[in-house]
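Colleague: Could you take a close look at one sheet for me, and then show me what else is worth tracing by eye? I'm new to this, so please go step by step.

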Amino acid sequence: MVPYMLCFQFVACCLLVLLYSLRSGSTSSAGHGPRSYPLIGCLLAFYENRRRLLDWYTEMLAASPTQTIVVDRLGARRTVVTANPANVEYILLGNFGNYPKGKPFTDVLGDLLGNGIFNVDGDKWFAQRKLVSHEFSARTLRELEIAVLEAEALDRLVPAMEAAAEPGGGAVDMQDVLRRFAFDVICRVSLGVDPGCLDPALPAPRLATAFDAAAGIIARRGAAPLAAVWKIKRALNIGSERRLREEVQVIHEAVMDLIRSRKKERFLVNAGDVRNDLLSRMIDCGYADEDIRDMVISFIMAGRDTTSSALTWFFWLLMRHRDVERDVLEEITSMRRDSSNGTYTGEGFDLDDFRRMRVLHAALSETMRLYPPVAWDSKHAAAADVLPDGTRVASGDRVTYFQYGMGRMEAIWGSDAGEFSLERWLALPADGNAASGGVSPFKYPVFQGGPRTCLGREMAFVQMKFVAGAILRRFDLRPVDEGRTPAFLPLLTSHMHGGLKVTVRRRKVESTTGNALHDAATDKSRSSFFS
């Protein structure tokens, strides 16, 4: 009886607190935040809008003269949410040292990411950033990425799409295909191993399912109204937290086994046969095994879903805007190198070609403005501060800049902020290098900004442009449900709810060496990837 009496007393106390709060009146945080009550804060408004949180936050930010709101919620830290570029620049650059990720953030991700670069601050972060910055600037890593992209596309992605284009091939979920492709690519670049996730003849590899399960549980941790709930479950090793521990163990053991085998391999190969993947290069730098494990897992988490998320929305938007699709395809076709003379092999593009693709770059940038792979990013104030717009920040406050909302702010992008328009990018001065973007990273913080600017930005664009070219050159995609507007799910990385189911047709394209039309999907030679 005692446990039941304690439970009854707890519920009764909660009801009394709620009644007291409602009778005490309400306030609106900073004048433009959600309606809040003493003790429980905005818990009621949060619950009412739980199925439309992104749009709710966007509406409140748009109504605020400073594009900033303050959110007080029972069981959560006071949160400042901003879509103001001046505030974003101050947080990410101007007063960078005062806005680390903070312990509340690292607690959520720590079981999986450990001391990886995306989950640490201070000296640990600086040391890893310095190492990784050097590796990402290395020519060998960029060449490895291109080689992996070509092999994965030719051996798996294109054949999978060809099978779907056959009579009776049925619908294919592009989100699932792109996620599998991205997982194979990031594992081959980061670990030097091929999981074969996109191979239809093989079941999903255990490592891939472990990452999926762990990422989902951690995303629910971050979205939980009360952090105490998942912390108690973790302490008791029950429910989803027990599952998380099991999946993390699978991931850790797989990566540690690979590190040990790779170290043994180093003594058995000639210097000229040394691998160029990230794991091998970090081993050569002399890092401890657990540090290598955490760094590699961080990169897999960063690369496995971000590009596939952006590409899923990109293909959906192109199916709704066939004029943009036509312009993108014309650019890809016009820039493709002729591989028949043997000068250019493989996909027919080099890195400089990818950088000069202004129309495709604009289409991808516009896609991520409206549907960013990460909907928001949070820091935690180390000391009390005042943001440029006058918002006061207390020590320990959570400070969030809201990429999803920023992409929809008319104050930032004009009256057509809600429209898919490449002109806002193509109207920028052309410097011969589309990859430079031309937009302030604090207005468009999809790749963050300041000292934590994403090091993999160029590699991400290369991968997205490569995949876009490989598919658009060969295939015409048609949505299964023409009238559907899919929901945007902001997990650790965003997803399209229900996936993107399409039917696939082979596209007829004009040859660059003549006027004859040919079937772009029938040429399977490795030496003429886009011929």
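Modeller: Sure! In this predicted model, start with β6 and strand β9 (residues 398-401), which run antiparallel and are joined by 4 bridges. To find your place there, look for Ser378, which sits opposite Thr400 in β9. Now zoom out: this pair belongs to an open sheet of 4 strands, ordered β3-β4-β9-β6, with mixed pairing. At the edges you'll find β3 (68-71) and β6 (377-380), each of which pairs on one side only. On average, neighbouring strands in this sheet are turned by 20° against each other, ignoring direction. Over at the β3 end, helix α3 (residues 53-63) lies across β3 and β4 (79-82), and α3 runs at about 125° to β3.

For another strand pairing, try β10 (residues 475-479) and β13 (residues 501-506), which are antiparallel over 5 bridges. Here Phe475 has Arg506 of β13 as its bridge partner. β10 is mostly covered, with 4 of its 5 residues buried.

Then there's a pair of helices to trace. The axes of α11 (residues 239-266) and α13 (residues 289-320) come within 10 Å and cross at roughly 120°, so α11 counts as oblique to α13. The crossing is right-handed. Among the residues making the contact are Ile251, Val255 and Ile259 of α11, along with Ile292 and Ile297 of α13. Sorted by type, the contact residues of α11 with α13 come to 6 nonpolar, 1 polar and 3 charged.

Key
Residues are numbered from 1 along each chain as its sequence is written. This is a predicted model: local features need pLDDT of at least 70, side-chain atom pairs count only at pLDDT 80 or more; totals for chains, interfaces and linings use all residues. Side-chain values use heavy atoms; hydrogens and water are left out. Buried means under 20% relative accessible area, exposed over 50%, partly exposed in between (1.4 Å probe, protein chains only). Helices (H or I, at least four residues) and strands (E, at least two) are DSSP runs, numbered from the N terminus. Two strands pair if DSSP finds at least two bridges between them. Axes are lines fitted to C-alpha atoms, for helices over the stretch in contact, and angles run from 0 to 180 degrees between N-to-C directions. Angles under 35 degrees count as roughly parallel, over 145 as roughly antiparallel, 65 to 115 as roughly perpendicular and the rest as oblique. A crossing is left-handed if the near helix is turned anticlockwise from the far one by less than a right angle, and right-handed if clockwise. Contact means heavy atoms within 4.5 Å. Ala, Val, Leu, Ile, Met, Phe, Trp, Tyr, Cys and Pro count as nonpolar, Asp, Glu, Lys and Arg as charged, and the others, Gly among them, as polar.
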